[in-house]
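Colleague: Could you walk me through this model before I head back to the bench? I will ask, and you can reason aloud.

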Amino acid sequence: MGERIPETEAIVDRDLAEYYSRLAKKYMKIPCRRVLYKIKAKGIDEGWALDVGTGPGIFPISIVKAYPRLRFTCIDISPAMVAVARGNANEFGLGGLIDFQVGSAYQLPCSDKSMDMVTCINTLHHLQDPIAFLNEVDRVLKEKGHFVIVDFHRDTSRIAVWFFNLLWKWVITRNGLGSESFMESVRSSYSVSEFRAFLEQSAMKRWVLYTRSLEMWIESA
Ligand SMILES: C[S@@+](CC[C@H](N)C(=O)[O-])C[C@H]1O[C@@H](n2cnc3c(N)ncnc32)[C@H](O)[C@@H]1O
């Protein structure tokens, strides 16, 4: 995919945040199930969890629906997204179980070694300083805590990018609002070797990194 082209600022417009929320509700069911499967495999069904870059909150909402004994704090840099996510949690009757806050990936609102799990989905490509974020995850996780981080990566085959861009542009957004955002996100993502180097330079010790088509997964080992 060539050099990384950082994506523009986070979504601050409320209408745009609502629009992405509607898309996420419609199309994120399978990705949510895949993250849930990972969490199940790690044996996490209660405790304290943090979701970073939560957007409309669809991932933590689906996790709490499956594991109501998990308590989630979810942060996003965009106040508009946080407002939309709160509305979504209330819609699913989960408002009391999930706390949404405006916050930064570089300053997680948790004390040291307090979290059983950290999730971060489709957000890494927004971060200009991934090592600072990884160090924060390491700081807030309990010794045996787990994390699941997923994002695009720039090593994806051109054919896969072409196919998913077609789907995003012409089927999902119908060449309207946000129709370029898939390509922008992929171009702004990190390559596998870039991300491996970030992990090696960070405080994180127990991790595995692998790719699945468009996605790069980084998990606690
Ligand atoms: C592509 S969205 C993903 C949302 C959600 N995780 C999902 O997969 O549906 C990325 C989110 O990360 C947020 N974000 C970007 N930079 C951030 C930062 N430094 N700290 C916290 N959130 C950030 C954006 O506002 C946006 O809502």
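Modeller: Happy to, and one definition comes first: Ala, Val, Leu, Ile, Met, Phe, Trp, Tyr, Cys and Pro count as nonpolar, Asp, Glu, Lys and Arg as charged, and the others, Gly among them, as polar. This is a predicted model, in which local features need pLDDT of at least 70 and side-chain atom pairs count only at pLDDT 80 or more, while totals for chains, interfaces and linings use all residues. Residues are numbered from 1 along each chain as its sequence is written.

Colleague: How many nonpolar, polar and charged residues does the shell around the ligand have?

Modeller: A residue is near a molecule or strand if its C-beta atom, placed from the backbone, lies within 6 Å of it. There are 22 residues around the ligand, and Ala-10, Gly-53, Gly-55, Ala-105 and His-126 come nearest. By class, the shell has 13 nonpolar, eight polar and one charged residues.

Colleague: Which elements each supply at least two residues of that shell?

Modeller: Helices (H or I, at least four residues) and strands (E, at least two) are DSSP runs, numbered from the N terminus. With those names, the elements that each supply at least two shell residues are α3 (58-66) and β2 (70-76).

Colleague: In what order do the seven strands of the open sheet stand?

Modeller: Two strands pair if DSSP finds at least two bridges between them. In general, strands of a sheet pair through backbone hydrogen bonds, either parallel or antiparallel. Here the pairing is mixed, and the order is β3-β2-β1-β4-β5-β7-β6.

Colleague: Why is one side of β3 and of β6 left without a neighbour in the sheet?

Modeller: β3 (98-102) and β6 (207-212) stand at the edges of the sheet. One side of each is left without a neighbour because each has a single partner strand.

Colleague: By what angle are neighbouring strands of this sheet turned against each other on average?

Modeller: Axes are lines fitted to C-alpha atoms, for helices over the stretch in contact, and angles run from 0 to 180 degrees between N-to-C directions. For this sheet the direction is ignored, and the average turn between neighbouring strands is 15°.

Colleague: Which residue of β4 is the bridge partner of Asp-51?

Modeller: Strand β1 (residues 47-52) runs parallel to strand β4 (residues 115-121), and three bridges join them. One opposite pair is Ala-49 and Met-117. For Asp-51, the bridge partner in β4 is Thr-119.

Colleague: What hand does the crossover from β1 through α3 to β2 have?

Modeller: β1 and β2 run parallel and are joined by six bridges, and Asp-51 stands opposite Cys-74 in β2. The chain passes from β1 through α3 to β2, and this β-α-β crossover is right-handed. A crossover gets that label if, with the strands pointing away from the viewer, the path from the first strand over the helix to the second runs clockwise. The hand here is therefore right-handed.

Colleague: How many residues of β6 are buried?

Modeller: A residue is buried if 20 or more other C-beta atoms lie within 10 Å of its own, exposed if 12 or fewer, and partly exposed in between, with C-beta atoms placed from the backbone. β6 is hardly covered, and among its six residues the buried count is zero.

Colleague: Which residue in the turn between β6 and β7 has a positive phi?

Modeller: β6 and strand β7 (residues 215-220) pair in the antiparallel sense over six bridges, with Val-208 opposite Glu-219. The two strands form a hairpin with two residues between them, and the turn residue with a positive phi, about 50°, is Ser-213.

Colleague: Is Phe-100 buried or exposed?

Modeller: Phe-100 lies in strand β3. Because 24 C-beta neighbours fall inside 10 Å, Phe-100 counts as buried.

Colleague: And is Asn-175 buried or exposed?

Modeller: Asn-175 sits in the loop between α6 and α7 (181-188). Its phi is positive, about 55°, although Asn-175 is not a glycine. With 10 other C-beta atoms within 10 Å, Asn-175 is exposed.

Colleague: What distance should helix α2 span?

Modeller: The expected span of a helix is 1.5 Å times one less than its number of residues. Helix α2 (residues 29-41) has 13 residues, and its end C-alpha atoms are 18 Å apart, which agrees with the expected 18 Å.
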